[in-house]
Amino acid sequence: AGTAPRLLTESLIQKLGQEDAATTKGKIAVDAYLRAIVPTGSAIEFGSLLALGDAAVIVGGGGVGRDGDHNGGGVTMTTTLLPQTAQVAAQQGAYAARLLNRGYDLGGSPVPSFRNPSQLDTLFLPLVRGFEARPFQFLNLGLLAYLGGGEAISQVQLGDRLLFAEAGSVGFLLWRSVYLAKQVALRNRVLIAFDWVKSQVFGRDGTRL
């Protein structure tokens, strides 16, 4: 979505009947389980659409997902605004993947529950994660910002607990370490590290063909 919603997001907002909700501001309203809030009588099946990242905003609480479940109808005025960062989107993506992989019934209201548990699940699920899904909780791990000139700002925290904050060359080293660690393949890490070393030794190639 960024600073303005994309056409796909706008189309979904219109189909969900959320275009008049002032609190969502161009985002898809979802419940605490990232399920798009569906108006009563909609052709879209509740639980069939998950939205996350800066294209979505969590409204209400307790996993209420159907529009008719709110007092007086319409989207509830209570919103949870999260930072529009890749950190939030990554955590929400991992959360949505767990809901799907573990077989929760996303159409269950108000809380997604485990679908058709076996006898073995009945014994072990209460010990591991329970029959009902937990709502999404964002864990703030801090922020990293590159300033240029070999300097960066780094703030590492765990939730509301600040672990340390550094700026300058130390923050730059931490920024590069995290940048490399987030690459999905070893090949990418080697190529990026090699490019950094080459730029440091020979400078950046500013020529154009």
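Against which strands do the buried residues of α4 pack? In this predicted model, they pack against β6 (142-148), β7 (151-158) and β8 (161-168). The report describes this sheet, then helix α4, and then helix α5.

**The sheet**

Strands β6, β7 and β8 form an open sheet in the order β6-β7-β8, with antiparallel pairing. The edge positions are held by β6 and β8, each of which has a single partner strand, so one side of each is left without a neighbour in the sheet. On average, and with direction ignored, neighbouring strands of this sheet are turned by 5° against each other. The antiparallel pairing of β7 and β8 extends over seven bridges. As for individual residues, A167 in β8 is the bridge partner of I153.

**Helix α4**

Helix α4 lies across β6, β7 and β8, and runs at about 110° to β8. Within this helix, G171, F172 and W175 are buried. Seen down the axis of α4, the buried residues fall within an arc of 100°, so they line one face of the helix. L173 and A181, on the other side of α4, are exposed. An α-helix has 3.6 residues a turn, so residues three or four places apart point the same way.

**Helix α5**

In α5, the buried residues are I192, W196 and S199. Around the axis they cover an arc of only 70°, which puts them on the same side of α5. Exposed residues on the other side of α5 are L186, R187, F194, V197, V201 and F202. The cover over the buried residues of α5 includes α4. Just after α5, G203 takes a positive phi of about 85°.

**Helix lengths**

The table sets out the expected and actual spans of the two helices.

| Helix | Residues | Number of residues | Expected span | Distance between end C-alpha atoms |
|---|---|---|---|---|
| α4 | 169-181 | 13 residues | 18 Å | 18 Å |
| α5 | 186-202 | 17 residues | 24 Å | 24 Å |

For α4, a rise of 1.5 Å a residue leads to an expected span of 18 Å, and the separation of its end C-alpha atoms agrees with this value. For α5, the expectation at 1.5 Å a residue is 24 Å, and the distance between its end C-alpha atoms likewise agrees.

**Summary of the packing**

The buried residues of α4 pack against β6, β7 and β8, while α4 is included in what covers the buried residues of α5.

Methods
Residues are numbered from 1 along each chain as its sequence is written. This is a predicted model: local features need pLDDT of at least 70, side-chain atom pairs count only at pLDDT 80 or more; totals for chains, interfaces and linings use all residues. Side-chain values use heavy atoms; hydrogens and water are left out. Helices (H or I, at least four residues) and strands (E, at least two) are DSSP runs, numbered from the N terminus. The expected span of a helix is 1.5 Å times one less than its number of residues. Buried means under 20% relative accessible area, exposed over 50%, partly exposed in between (1.4 Å probe, protein chains only). The arc is that of the directions from the helix axis to the C-beta atoms. Contact means heavy atoms within 4.5 Å. Two strands pair if DSSP finds at least two bridges between them. Axes are lines fitted to C-alpha atoms, for helices over the stretch in contact, and angles run from 0 to 180 degrees between N-to-C directions.
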